[in-house]
Amino acid sequence: MAFVLRLLVAIAVALSIGFGLSYYALTDGRFIAANMLGPWITWQDVGVPNPNPYTRSQIAREGALQLGRSEGLRFTAATDSAGKPLDLSCTYRISGRVPISSFWTLSAVDSDWRNLAAPREDLALRSSELVRDNDRSFRVYVGPHVMPMNWLELAGSGPYELVLTLYDTTAFSGFTNDTIMPSITEEHCP
C-alpha cells in the first residue's frame, strides 16, 4: 500500500510540474525564450520565418503587428531598474545608451497596448528629436510631471510598460553582458 501511495504522489508531482511548466511557457515564457537586459525584455525570434514555440505563444498573446527581423527589434519594460512596477503617477528617468540603431522610438502602453501619451502630445519620443549629453548619452523623463530636456508626457493611472523600438539595428548579432540598455530610475512618486 505504501508503494502505491508513493507512486501516486510521484505521478501527481510530475504532472503538476509538467502542466505548470507548460502553462508558464504558454502564458509567459520570458525566462525560456526572451532576452532580459535589466528591466528590458525582448523576444529576439520575433520576425524570423520559424520562431520557437514560446515566441509563437508570445506573438499570439500580444496580437500586435510585429516587425520583421531586418526591420527592427522591440524591447519592453514593466519595472524600473530596481524591480518596482512602473506606475503612471510617478516620473521616471531613462538614461544611458541603446544598442546601435539607425533610429529608435520610446512610448508607453497599458496592458491592452493602448498608447498612454497625454492628449495632444506625440505618441512616442523619437531618437532624432532628443537633446543629448556631450558623450552622446541621453536622459528622457517619462511621466505626468513636467521635467527639463527630453520629456514624454503620460496620462492615466495604474501600471504600464515602456516600449523601446530599435529600427535597423545590429542588436540581432546577439546579446552579451556588455550590451548597453538605458536604466530606468524613479525620480518622483507621490
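1. Let me start with the second largest pocket, which holds about 190 Å³ of space. Please keep in mind that this is a predicted model. The lining is made up of Gly96, Arg97, Val98, Pro99, Ile100, Ser101, Ser102, Trp104, Ser127, Arg132, Arg136 and Phe138. Sorted by class, those residues are 5 nonpolar, 4 polar and 3 charged. Which strand gives the largest share of this lining? That is β5, residues 101–109, with 3 residues.

2. Ser127 deserves a closer look, as one of the residues lining that pocket. Ser127 sits in the loop that connects β6 (125–126) with β7 (138–143). Is Ser127 buried or exposed? Its relative accessible area is 9%, so Ser127 counts as buried, the cut-off being under 20%. Once neighbours within four places in sequence are set aside, the contacts of Ser127 are Phe103, Trp104 and Arg132. Trp104 and Arg132 also appear in the pocket lining.

3. Now to the sheet. Four strands form an open sheet in the order β8-β7-β4-β10, and the pairing is mixed. Its edges are β8 (150–153) and β10 (183–188), each of which pairs on one side only. From one strand to the next, the twist averages 25 degrees.

4. Strand β4 is a good place to trace the pairing by eye. Covering residues 91–96, β4 is joined to β7 by 5 bridges, and the two strands run antiparallel. Towards β10 there are likewise 5 bridges from β4, again with an antiparallel run. Tyr92 shows both sides nicely: its bridge partner in β7 is Val142, while in β10 its partner is Glu186. Which residue of β7 is the bridge partner of Ile94? The partner is Val140.

5. Leu162 would be my next stop. This residue belongs to strand β9, which spans residues 161–169. With a relative accessible area of 0%, Leu162 is buried. Leaving out neighbours within four places in sequence, Leu162 is in contact with Trp40, Phe75, Thr76, Ala77, Leu86, Ile94, Leu106, Ser107, Ala108, Val142 and Ile184. Ile94 is the residue whose bridge partner in β7 is Val140, and Val142 is the bridge partner of Tyr92 in β7. Of the contacts of Leu162, Trp40 lies 122 residues away along the chain, with 8.8 Å between the C-alpha atoms of the two.

6. A second long-range pair involves Ile41, in strand β2 (residues 40–42). Ile41 and Leu164 are 123 residues apart along the chain, and their C-alpha atoms are separated by 9.8 Å. Is Ile41 buried or exposed? The relative accessibility of Ile41 is 12%, and because buried means under 20%, Ile41 is classed as buried.

7. For backbone checking, I would flag two residues in the loop between β5 and β6, namely Trp113 and Arg120. Trp113 is not a glycine, yet its phi is positive, at about 65 degrees. Arg120, also not a glycine, has a positive phi of about 70 degrees. How exposed is each of them? Trp113 is partly exposed, with a relative accessible area of 29%, whereas Arg120 is exposed at 82%. The two fall into separate classes because exposed means over 50%, and partly exposed lies between 20% and that value.

8. Finally, the chain as a whole. How many helices and strands does the chain have? There are 3 helices and 10 strands. Along the sequence they follow the pattern α-α-β-β-α-β-β-β-β-β-β-β-β. The chain has 190 residues, 37% of which count as buried; Leu162, Ser127 and Ile41 are among the buried residues. Considering the contacts with a separation of 6 or more, 69% come from residues 24 or more positions apart. The contact between Leu162 and Trp40, 122 residues apart along the chain, is one example to look up in the model.

Terms used
Residues numbered from 1 in each chain as written. Predicted model: local features only at pLDDT ≥ 70, side-chain atom pairs only at ≥ 80, totals over all residues. Heavy atoms only, no water. Buried < 20%, exposed > 50% of the residue type's maximum accessible area, 1.4 Å probe, protein only. Contact = heavy atoms within 4.5 Å. Pairing = 2+ DSSP bridges. Axes fitted to C-alpha atoms, helices over the stretch in contact; angles between N-to-C directions. 1 Å grid on protein atoms, 1.4 Å probe; cavity = no way out; pocket = protein on both sides within 12 Å on 5 of 7 lines; lining within 4 Å. Points joined across faces, edges and corners; volume = space filled by probe spheres on them. Nonpolar A, V, L, I, M, F, W, Y, C, P; charged D, E, K, R; others polar.
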